[in-house]
Amino acid sequence: MSDLTNLISAAISTFTALDAQYQAANITQKVALESARNQAANAVIKLRDAQIAQDITVNAADITKMNALAAKVQNGAALQTGLMSFLDIMKNYVPV
């Protein structure tokens, strides 16, 4: 698999875990984090679109960061921190 494919796979896993936390959040959290959650969803789509265009070179360290973030989120990391960390990685590859 290419580095971009690995990053996309890790991003999808991370977003899925973050979205599950978002869906389970109370209404106050959802209102506060709706914009960041939507930015994260759009970033995954943009990254997949970039894969089709094949115009991104991925830093292997970002794959490692994304996999570590996925593990943290799946182990109950804070939703807001997870979303911000996710977007921080994704901004290296697509506009968020």
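Two worked exercises on a predicted model follow, on helix packing and on salt bridges.

**Exercise 1.** Describe how helix H3 (residues 60-74) packs on helix H4 (residues 79-90).

*Solution.*
- Step 1. Two packed helices are described by the angle and the distance between their axes.
- Step 2. The axes of H3 and H4 come within 10 Å and cross at roughly 165°. That makes H3 roughly antiparallel to H4, since angles over 145 degrees fall in that class.
- Step 3. Take the hand: H3 passes H4 in a left-handed crossing.
- Step 4. List the contacts. H3 contributes Asp-62, Lys-65, Met-66, Leu-69 and Val-73. H4 contributes Gly-82, Ser-85, Phe-86, Ile-89 and Met-90. These residues divide into 6 nonpolar, 2 polar and 2 charged.

**Exercise 2.** Find the salt bridges and state the burial of their partners, where known.

*Solution.*
- Step 1. Apply the cut-off: a Lys or Arg side-chain nitrogen within 4 Å of an Asp or Glu carboxyl oxygen. The count comes to 3 salt bridges.
- Step 2. Asp-19 pairs with Arg-37 at 2.7 Å, N to O. Asp-19 lies in helix H1 (residues 3-24) and Arg-37 in helix H2 (residues 27-53), so the pair ties together parts 18 residues apart in sequence. Asp-19, at 16% relative accessibility, is buried. Arg-37, at 18%, is buried.
- Step 3. Lys-65 pairs with Asp-62 at 3.7 Å, N to O. Both lie in H3, 3 residues apart, about one turn of the helix. Lys-65 is partly exposed at 48%, whereas Asp-62 is buried at 4%.
- Step 4. Lys-91 pairs with Asp-88 at 2.8 Å, N to O. Asp-88 is partly exposed at 42%.

Note on methods: Residues are numbered from 1 along each chain as its sequence is written. This is a predicted model: local features need pLDDT of at least 70, side-chain atom pairs count only at pLDDT 80 or more; totals for chains, interfaces and linings use all residues. Side-chain values use heavy atoms; hydrogens and water are left out. Axes are lines fitted to C-alpha atoms, for helices over the stretch in contact, and angles run from 0 to 180 degrees between N-to-C directions. Helices (H or I, at least four residues) and strands (E, at least two) are DSSP runs, numbered from the N terminus. Angles under 35 degrees count as roughly parallel, over 145 as roughly antiparallel, 65 to 115 as roughly perpendicular and the rest as oblique. A crossing is left-handed if the near helix is turned anticlockwise from the far one by less than a right angle, and right-handed if clockwise. Contact means heavy atoms within 4.5 Å. Ala, Val, Leu, Ile, Met, Phe, Trp, Tyr, Cys and Pro count as nonpolar, Asp, Glu, Lys and Arg as charged, and the others, Gly among them, as polar. Buried means under 20% relative accessible area, exposed over 50%, partly exposed in between (1.4 Å probe, protein chains only).
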